[in-house]
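Work through the exercises below with the sequence and the model side by side. Try each task before reading its solution.

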Amino acid sequence: MTGVAAEMTEAAFLGVENSATGRRWAGPGAEAERIGLAIAQRLDAPEILGRILAARGVHPDNATEYLAPTLKALTPDPSTLKDMDRAADILVTAVRNGWKIAIFGDYDVDGAASSALLVDWIGAVSGKPTVYIPDRIDEGYGPNVEAMSRLAQNHQLIICVDCGTLSHVPIEAAIAAGAKVMIADHHLAGETLPVCDAVVNPNRHDDDSGMGALCAAGVVFLLLIAANRLRREAGEMAPNLISMLDLVALATVADVAQLTGLNRALVRQGLKVMAGRQRPGLKALADVAGVNSHPNAFHLGYLLGPRLNAGGRIGKADLGVRLLSTRSREEAEGLAHELDRLNADRRELEASILELAIEQAEQRPIDGPLVWAAGEGWHPGVVGIIAARLKEKFNRPAVVIGMENGNGKGSARSVDGVDLGSAIATLAREGQIEKGGGHRMAAGLSVAGDKIEPAMGRLIDLLSKYMAVISAPRTLRIDGALSAAVATPALIEMVEAAGPFGAGAPAPRFALANARVAFGKRVGDDHFRATLEDASGARVDAIAFRVMSGPLGAMLSESKGRLHIAGRLEVDDWGGRRKAKLHIEDAAVAE
């Protein structure tokens with residue numbers, strides 16, 4: 001790997017110093033272009049693919065392996081994770097001896113997928129485990145004393161997935177009631193760990209496996225690899241784990257884990273499994289979401305993930321894991337339609353709160369390291385989405401808190417380079433909030449209503465050390481310019497060979513220079529659909545989401561002259577015709 005991913009040209013790309021979204025455009029530097037050409041020659045591939053790889057830090061010597069990441073090459077020995085051998089032994093012993101097993105999961109996609117992984121594996125070698133997903137409103141995130149004590153009364157083993165690392169008291173209660181408890185998690189750990197039978201978490205302080213980028217489903221997958229190894233050594237049947245990679249891919253993308261290293265291989269292979277449409281729940285969900293092409297990371301993150309999350313946000317918390325683990329086509333179709341309906345309800349609820357949150361945030365200084373908002377009756381199931389919208393609008397870490405009966409439940413979202421999870425964990429340790437934690441880019445918290453103001457003030461103090469990062473001029477990185485004529489499905493398929501794309505590996509972004517909006521209209525609540533025509537007269541369809549209330553929407557809909565337009569290419573299969581479409585992210589007046 002090289003440092004060329006961060007190298008940008010001195011001159012603004014296409015001369016754009018201040019775009020509609022207030023960003024400076026930057027293209028690849030001379031060194032990146034040189035390496036891109038070398039990669040293209042090494043691969044005997046088009047130069048554009050070489051440039052894309054070079055911009056993502058790929059060296060010519062590693063290009064072949066990068067385009068074909070394998071689990072064999074990138075999967076570590078699971079034993080390198082602390083407590084992994086102990087956890088695998090407990091799991092294998094439990095299924096061998098017919099113990100009653102309970103899975104305590106989180107209510108988001110990662111929690112549902114992690115739970116479903118264990119349901120699949122345990123079901124293949126033993127009986128059906130109990131799955132418990134806490135209610136977001138009544139119980140909140142993670143294990144609680146009442147639920148854990150109740151599970152311990154009739155289960156010999158409780159496995160906490162995507163939660164548990166900070167749940168000392170509830171886990172003590174379960175152990176006191178006679179159950180064994182083990183944890184498979186990825187959230188940031190505190191100074192001490194719960195006293196239980198095993199804590200497998202690459203983000204515990206004494207774990208040096210280097211696997212901290214895994215989501216919980218990735219951790220559970222490594223646990224199952226270790227368990228399969230023990231079963232093979234004992235001459236026992238080991239379930240097929242490759243068929244479960246669709247769940248790992250879904251969770252990795254939906255949890256915004258970095259798509260590098262092992263995560264990239266897991267998602268790439270998982271998408272292949274998902275394309276086979278063998279899991280009834282994912283097949284049904286893809287159908288209601290309108291995914292009628294080969295699945296990609298965009299589908300997982302923006303179409304499937306939000307629908308699965310809708311159950312935990314405003315519906316029944318266990319709908320997601322039930323959908324992912326069912327083997328009944330009829331049940332899957334019913335659950336998928338219910339989640340689709342809940343997602344539509346969630347969008348309406350989100351829209352009603354977002355405007356209030358923006359107005360409140362703007363009443364406070366927005367040039368500091370944090371924007372935040374809190375409101376009575378704001379549904380805790382959507383505050384995370386609202387926080388993400390505030391982060392996008394103000395380019396600042398954001399916290400949004402919903403209040404009810406004097407108690408607040410909030411979610412936080414961060415920007416690159418700012419470890420928000422650690423800062424919120426510090427608030428919890430200091431007693432500024434009742435509890436809180438998460439990871440670098442996202443976190444949750446609970447806080448008494450009369451402590452919100454001082455807690456946010458302290459959080460601003462903690463984040464002030466990141467002001468240089470937060471205040472740095474915003475840059476939009478462009479992989480290159482292209483004409484509408486070459487924007488074809490064939491080009492997109494070639495570009496996708498460098499994927500999957502997502503967090504840590506952004507999808508290639510291209511600029512259409514000197515284009516005009518030949519046709520455009522507002523669609524939906526805040527979107528803009530257009531046909532763009534470049535200087536040669538060639539045309540390409542385009543869409544811009546959630547822009548009509550801002551300067552980008554105004555520029556696209558009102559400009560009569562030539563524009564430079566930047567975005568990501570995707571294949572549009574609507575109506576059975578495959579054609580390229582540009583997902584517009586920014587624009588600037590062509591000088």
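**Exercise 1.** What is the strand order of the open sheet with mixed pairing?

*Solution.* Start with the order: the five strands run 7-8-9-11-10. Strands are DSSP runs of E with at least two residues, helices are runs of H or I with at least four, and both are numbered from the N terminus. Two strands pair if DSSP finds at least two bridges between them. Next, find the edges: strand 7 (371–376) and strand 10 (435–438) each pair on one side only. Then take the twist: neighbouring strands are turned by 15° against each other on average, direction ignored.

This is a predicted model, in which local features need pLDDT of at least 70 and side-chain atom pairs count only at pLDDT 80 or more, while totals for chains, interfaces and linings use all residues. Residues are numbered from 1 along each chain as its sequence is written, and side-chain values use heavy atoms, with hydrogens and water left out.

**Exercise 2.** How many bridges pair strand 7 with strand 8, and in which sense?

*Solution.* Strand 7 and strand 8 (residues 398–404) share six bridges, in the parallel sense. Now pick one pair: Trp372 has Val399 in strand 8 as its bridge partner.

**Exercise 3.** Which strands do helix 16 and helix 17 touch?

*Solution.* Contact means heavy atoms within 4.5 Å. Helix 16 (residues 383–394) touches strand 7, strand 8 and strand 9 (407–413), and makes about 45° with strand 9. Helix 17 (residues 420–430) lies across strand 8, strand 9, strand 10 and strand 11 (442–448), at about 160° to strand 10. Axes are lines fitted to C-alpha atoms, for helices over the stretch in contact, and angles run from 0 to 180 degrees between N-to-C directions.

**Exercise 4.** What is the strand order of the open sheet with parallel pairing?

*Solution.* Its five strands follow the order 3-2-4-5-6. Strand 3 (130–132) and strand 6 (198–200) are the edges. The twist averages 20° from one strand to the next. Three bridges join strand 2 (residues 101–105) to strand 3. Within strand 3, Thr130 stands opposite Ala102.

**Exercise 5.** Why does the salt bridge of Arg509 and Glu585 tie together parts far apart in sequence, 76 residues?

*Solution.* First, the pair: the side chains meet at 2.7 Å, N to O. A salt bridge is a side-chain nitrogen of Lys or Arg within 4 Å of a carboxyl oxygen of Asp or Glu. Then, the places: Arg509 lies in the loop between helix 20 (489–495) and strand 14 (510–523), and Glu585 in strand 18 (residues 579–589), so the pair links parts 76 residues apart in sequence.
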